[in-house]
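Student: I am new to this structure and would be grateful for a guided introduction. May we proceed by question and answer?

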Amino acid sequence: MTHKQLALTNWEFRACGEEKWFPAVVPGTVHTDLLRNGLIPQPFYGKNEHELQWIDKKDWEYRTILQLDEDWQNLTVTELNFAGLDTYADVYVNNVHALSADNMFLAWTVDVKGLLRAGENEIVVRFRSVVAEDLPKLEKLGYDLPAPNDQSELGGLEEKRISVFARKAPYHYGWDWGPRFLTSGIWREAVLTGRTAAAIADVYIRQDEVKQASARVTAIVEVDTPGTWAGTLRITAEGQEWTREVTLEPGKGLVELELVINQPRLWWCNGLGAPELTSFRVELLENGAVLAGAEVKTGLREIKLIRKPDAKGASFKFELNGVPVFAKGANHIPNDSFITEVTEARYRHEIASAAASNMNMLRVWGGGFYEEDDFYRLCDEYGLLVWQDFMFACSMYPGDEAFLANVQKEAAYNVKRLRNHPCIALWCGNNEIDSAWAQFEENKGWGWKEKLSAEIRETLWNAYEDIFHRILPEAVAAHHPGMEYWPSSPLRELTNDIDQHSVRIAGDGDIHYWGVWHGIEPFENYNVKVGRFMSEYGFQSFPELKSVLTYAEEKDMELESEVMLAHQKNGRGNQIIKEYMDIYLPEPKDFRSFLYMSQILQAEAMRMAIESHRRNKPYCMGTLYWQMNDCWPVASWAGMDYYGRWKALQYTARRSFKDVLLSVEAMDGEKLQVHAVSDLREALAGELVVRLHDFSGAVLKEWNQPLQLEADSSAVVFSVPVAELLGGSGADQVVLVASLLVDGALVERKEHYFAEAKELKLEQPALTVAEVPGSGGLSFTVSSDVLARGVYLTAEQEGIFSDNFFDLLPGEEKTVQFLRSGGVTAGAEAGGSTEAAASAGLEAGGSDGARAGVEAAATGAGLINEAKAGAGAPDFTPAVPQGLEVRSMADYVK
């Protein structure tokens, strides 16, 4: 036997210095192991986060026993491989120190041939407290490094912010949407491997030139051989075969082989075509027999970031296979505070939800971690481009030699790990640090540098340039040639002067616009604060009642209760929601109604922003709202809560990201314009119908006109003075409906109101639900006797609706399907706040009481009949909704 592999299982753990060992799960974390053993309460419930901060002050150790047969002694190379250790760890093999680790984002491999024996072998991994390890570094430095999201006070560390010293997921230290849980543990697979012959260590399919007629790529194969080896390298793909005779010296060596694939199946992002994937089989042959093999699946495509000067600044747009891409999507954060609790099903639910929401890009934000392979594989399969940050965010970092060397290894490892994924569209150095520091403009940015001496400022900026202007771009250039590197988001351009920082709306680079929310600016500013690429903007809401009840009890159902504030990480966040709600929406009748109304408010804010960005193409060529998902149940900017439940925002994004969009804009209240936006690659001919209705449904005015919409375009297709349009009708008594018909079929529709929702004179609707004949209960219609706003459908099962949170005119019928996937376990169906429910969920394999059932329901691909070509079979399947209820805004207001 030339190769052997053994997964390390049957682990147990304890706090160092204690006697009793407890069963552990690997991959896992200390927190989840403590929870599984009933040693701590559910971390996400109530204010339990505050009571669990003792965990990160202790050292922890894990151990397992390996039973090895004599065959292991006959192997030439025997290695212990840890795909991830969090974070400061020492590994002992039979009481001999074998390895020290100091970076969560690296894999660790050590030769243990001389340490193992036939029979019983003990492996121990000791994790040192990141608090104990890094507090001395801060004390030695003598001054604070800016890290405003580090919730050190909650962790009992006063203002001693240590998150910048460890190469560990920054969000573990808390963020303005997430809790502070400094995990430790063996968080990725642990494996013992052995061999006597050459092995394939890595395969990189470097895409040199990809065109419709042919793709020219180079296979770069890393071979690890214990001795001199001679043989044949064989590669097969798409029915073609390539070979090369090679001779390799002992150790690791690279072998390159150029490949040309005629008429390649190109990889496209969602909306532009099928995300075709191509498999490459790589083999080492010795005397004609296969000695070692590996397979790599990638997508053949050409991706570029086009930054071309123009009259208004410079473009910032992605181009895929020569076709401009208007990026539509959101910012992704980790799906859980405890990373190892995220299953493939949960990843699939997120990625499938993004695809079903007509997105084509997710940004992996720099305060989390380099995601699991499942995440990128699913993005490949569903055609979602990925803007990939390196893991640095909102902080200034050390610049000592050891730290920089650690970053250099981290960058090389992760670029190499992810470079075969066709979804990767960009490597970005960090989140918001360039604009926060604002080196070349005084009294701008976040006020960090102004508090420091000139000497310290120079030291920190030199460290910044070492990391983000040297180490990271060099890693991308060396290991992912041809891929764009963007030093910081947001950024205008790397100019080394005042024009570098994206601290205001400008005609170049990317923009994080937070005037709405942080700046308390009105929603209407989304119509004017538009840049070339809007990579962050957002507005908060609460999750739905069912989700809130997983962390709160009835007595907590107040906006400013201790529990609600514990699950609101953005300071005044709850009050900010209320202040905006007072401006735009009618007053909710109670706190439960406030939850619903907060989602309506969030969705309206994001609708205005997305439509404004899309109307402004090709000047603006990307809109990524903050944020896609949550890492725990919380009031936040997410469109999909921790349990995968779609908020109103997710349904609004699905409508607003459609390939063809109608957007109605009232210019200064004087002129009304209807914009038509198309992301299609071909022209579209149809009919535009514009009607003015009163709230009884009567048509007061109507316009019909042919519409010719060019490919990849945005245009004003209808315009009329508001005064002429309204005539004698009151602005609070009418609604305008614009519809686009193609061959008589409705392609797009948009309602527009002339007054804020709180000013509209609405009656209580009588909503009717009726089964569509012949559908077997899988489709149903919703209708209303009067204008109904924010129609909200709920069912007892976990799942989504084909549409939700929509408006209905009297006499109209809306056809809807309920879509779900998988069975639901007791923990989720209970949906309650008891620790019994937590235990039920835990036994089913989740760390949260309500998680397990949602996990079972969260395996969807795309909405039925709407999965894009190549995205695989849709997994959200129609079902008969149990306990279907329908309400509207009128049910929630005073």
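Student: Does Cys 379 count as buried or exposed?

Tutor: Buried means under 20% relative accessible area, exposed over 50%, and partly exposed in between, with a 1.4 Å probe and protein chains only. The relative accessibility of Cys 379 is 0%, so this residue counts as buried.

Student: What kind of model is this, and what is the mean pLDDT of the protein?

Tutor: This is a predicted model, in which local features need pLDDT of at least 70, side-chain atom pairs count only at pLDDT 80 or more, and totals for chains, interfaces and linings use all residues. Residues are numbered from 1 along each chain as its sequence is written, and side-chain values use heavy atoms, with hydrogens and water left out. The pLDDT is the predictor's confidence in each residue, from 0 to 100. In this protein 94% of the residues reach 70 or more, and the mean pLDDT is 92.

Student: Over which residues is the pLDDT below 50?

Tutor: Contact means heavy atoms within 4.5 Å. The stretch concerned has 134 contacts in the model beyond near neighbours in sequence. The pLDDT is below 50 over residues 822-874.

Student: How many disulfides does the structure hold?

Tutor: A disulfide is a pair of cysteine sulfur atoms within 2.5 Å. For Cys 379, the nearest cysteine sulfur, that of Cys 423, is 5.1 Å away. For Cys 620, which is also in no disulfide, the nearest is that of Cys 269, 16 Å away. The number of disulfides in the structure is 0.

Student: Which residues touch the most other members of the largest nonpolar core?

Tutor: A nonpolar core is a set of buried Ala, Val, Leu, Ile, Met, Phe, Trp, Tyr and Cys residues joined through side-chain atoms within 4.5 Å. The largest one has 251 residues. The residues that touch the most other members are Phe 82, Leu 85, Phe 318 and Tyr 625.

Student: Which helix gives the most to this core?

Tutor: Helices (H or I, at least four residues) and strands (E, at least two) are DSSP runs, numbered from the N terminus. With 13 residues, spread within the range 591-615, the greatest contributor is helix 12.

Student: Which side chain joins that of Ser 541 in a polar contact?

Tutor: Ser 541 lies in the loop between strand 33 (534-536) and helix 9 (545-548), and its relative accessibility of 0% makes it buried. A polar contact is a pair of N or O atoms within 3.5 Å; within protein, one must be able to donate a hydrogen and the other to accept it, and residues adjacent in sequence count only if both atoms are side-chain atoms. At 2.7 Å, the partner of Ser 541 is Gln 602.

Student: How many salt bridges does a search of the whole structure find?

Tutor: Side chains of opposite charge can pair when their charged atoms come close. A salt bridge is a side-chain nitrogen of Lys or Arg within 4 Å of a carboxyl oxygen of Asp or Glu. The search finds a total of 69.

Student: Which residue meets Glu 61 in a salt bridge?

Tutor: Glu 61 is buried at 4% relative accessibility, whereas its partner is partly exposed at 34%. The N to O distance is 2.7 Å, and the partner is Arg 126.

Student: How many residues apart in sequence are the parts tied together by Arg 128 and Asp 90?

Tutor: These side chains meet in a salt bridge of 2.6 Å, N to O. Arg 128 lies in strand 10 and Asp 90 in strand 7 (residues 88-93), so the separation bridged in sequence is 38 residues.
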